[in-house]
Amino acid sequence: MESIKLNIAKASQFLKEGAVKEFEPKAAEAQKALEEGTCPGNDFLGWLHLPTSISADFLKELQDCANTLRANCEAIVVAGIGGSYLGARAVIEALSNSFTWLTNDKNNPTILFAGNNIGEDYLAELTAYLADKKFGVINISKSGTTTETALTFRLLKKQCEKQRGKEEAKKVIVAITDAKKGAARAAADKEGYKTFVIPDNVGGRFSVLTPVGLLPIACAGFDIKKLVEGAAAMEKACDINVPFYENPAAQYAAVRNGLYGEAGKKIEIMVNFQPKLHFFSEWWKQLYGESEGKDGKGIFPASCDFTTDLHSMGQWIQEGERTIYETVISIEKPNKELLFPNDEDNLDGLNFLAGKRVDEVNKMAELGTKLAHVDGGVPNIHISVPQLNEYYIGQLIYFFEKACGISGLILGVNPFNQPGVEAYKKNMFALLDKPGYEEDSKAIKQRIAEEA
């Protein structure tokens, strides 16, 4: 099988000669710390060799559960937030027909995502949509008390039991949670749900290759075995023993730290020319934003869908403040073929494209954009993907995970914690008068009154 390819030539040219090579010892040190478990956050390194450790029996157990849900559900709701849903959605959206949601697909259930917001309209519309559907739920939460997901699951559990009966609902509700503790574990044990464990040593944003991602992906009808095979191949390609200039994860980590520290590039824009990759960028943004954005440091992860966003953000990218660089994911071979037609009147002047594949036009737009942006002072990192399928998506997932671990350690932060995400929760609970937050509630409400 082929492999994804990394090209940093159009990024490293913005650095002094030899700048990337200077990161070789730092990347080696970071990889050694990951392998030996001596780095900050070393209790969250379960993802590091996860792909090569997943057994065929475990994949079969996941697939058997998915088959049960697929056979008994018209729709399956994945309830989770952050890493508990973004990885699964990234893969499913990348591999699905773009218009599946408009078709009556008799072979696959509709996969829906909830528990990632507190939008009353969204949840009301979701429950209304499900009112005449045979639906199931995959509830993904280590604690079972995350507000967005817990609120959603309570609604969906009650609705599923009302529509299908309590005994039938048990067959189509699955909990992916902690092995022993937490509200979700207690509820699953009490109700008798099928459960899978979120490993204690795998953080949410690194969990797509655990049941958190694999079960929903299997429910959507995609080959999780191939996904894991691709990730395992990339695990070997990014191994600590692979030389620096052959190791894509080490190279990516090095050049982005060089652009950040030496060239003052504070914003990384993840770019695709394939609209199916929109949610892959969303997954990537959480992975890098939550891993590196701390201690007053970190590259800001942004994303654009080209050519669409060239007509909205293109001007800023071309001529705005030079604090950005682009990482482009390019799909070499599309899965479909469509030729541009000839038109006798040629009123749009596009007959020069007649007979060409639409993808050829897209590829020339990609090349033209790269040339223009590099000329405009925007460094370009290029990641080439042979085809959009499970195997290569698996490669991409592990590549970005491994590079993230290396990059965060080079930056000098703990890539595996997220202390800042608790700040808003504390304020929210205090404002909602949650028991145990009485002192915080009084202080916050007084502050709000004074600022009013």
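Here are four short exercises with worked solutions on a predicted model of a protein chain.

**Exercise 1. Get an overview of the chain**

Task: Work out how many helices and strands the protein chain has, and what radius of gyration it shows beside that of a compact globule.

Solution:
- Step 1. Start with the secondary structure: the protein chain has 18 helices and 10 strands.
- Step 2. Now turn to overall dimensions. The C-alpha atoms fill a box of roughly 60 × 60 × 55 Å along the principal axes.
- Step 3. For 452 residues, a compact globule would have a radius of gyration near 22 Å; the protein chain has 23 Å, so the two agree.
- Step 4. Look at burial next: 49% of the 452 residues count as buried.
- Step 5. Finish with the surface and the contacts. The accessible surface comes to about 21,400 Å², and carbon and sulfur atoms account for 53% of that. Among contacts with a separation of 6 or more, 78% are between residues 24 or more positions apart.

**Exercise 2. Trace the five-stranded sheet**

Task: Find the order of the strands in the open sheet of five strands, and say which strands form its edges.

Solution:
- Step 1. Read across the sheet: the order is 3-2-4-5-6, and the pairing is parallel.
- Step 2. Strand 3 and strand 6 (194-197) each pair on one side only, which makes them the edge strands.
- Step 3. From one strand to the next, the twist averages 20°.
- Step 4. Zoom in on one pair. Strand 2 (residues 75-79) and strand 3 run parallel and are joined by five bridges. In this pairing, V77 has L112 of strand 3 as its bridge partner.
- Step 5. Follow the chain between these two strands: it leaves strand 2, passes through helix 5 (residues 86-95) and reaches strand 3, in a right-handed β-α-β crossover.
- Step 6. Check the cover on strand 3 (residues 110-114): four of its five residues are buried.

**Exercise 3. Place two helices on the sheet**

Task: Decide which strands helix 7 lies across and which strands helix 10 touches.

Solution:
- Step 1. Pick a reference pair. Strand 4 (residues 135-140) and strand 5 (residues 173-177) run parallel, with four bridges between them. Within strand 5, I176 stands opposite I140.
- Step 2. Helix 7 (residues 147-164) lies across strands 2, 3, 4 and 5, and runs at about 155° to strand 4.
- Step 3. Helix 10 (residues 211-219) also packs on the sheet, where it touches strands 2, 3, 4, 5 and 6. The direction of helix 10 makes about 165° with that of strand 4.

**Exercise 4. Inspect some backbone details**

Task: Locate the cis peptide bond at T307, then settle whether D295 counts as buried, partly exposed or exposed, and do likewise for N346.

Solution:
- Step 1. The bond from F306 to T307 is the cis one, with omega near 10°. T307 sits in the loop between strand 8 (300-305) and helix 14 (314-319).
- Step 2. Go back to the loop between helix 13 (278-292) and strand 8, where D295 lies. D295 is not a glycine, yet its phi is positive, near 60°.
- Step 3. The relative accessibility of D295 is 61%, so this residue counts as exposed; the cut-off is over 50%.
- Step 4. N346, another residue other than glycine with a positive phi, has a value near 50°. N346 belongs to the loop between strand 9 (324-333) and helix 15 (358-375).
- Step 5. N346 has 27% relative accessibility and therefore counts as partly exposed.

Key:
Residues are numbered from 1 along each chain as its sequence is written. This is a predicted model: local features need pLDDT of at least 70, side-chain atom pairs count only at pLDDT 80 or more; totals for chains, interfaces and linings use all residues. Side-chain values use heavy atoms; hydrogens and water are left out. Buried means under 20% relative accessible area, exposed over 50%, partly exposed in between (1.4 Å probe, protein chains only). Two strands pair if DSSP finds at least two bridges between them. A crossover is right-handed if, with the strands pointing away from the viewer, the path from the first strand over the helix to the second runs clockwise. Axes are lines fitted to C-alpha atoms, for helices over the stretch in contact, and angles run from 0 to 180 degrees between N-to-C directions. Contact means heavy atoms within 4.5 Å. The radius of gyration is taken over C-alpha atoms; the globule rule is 2.2 Å times the number of residues to the power 0.38. Accessible areas come from the Shrake-Rupley method with a 1.4 Å probe; for residues, only the protein chains shown count as cover.
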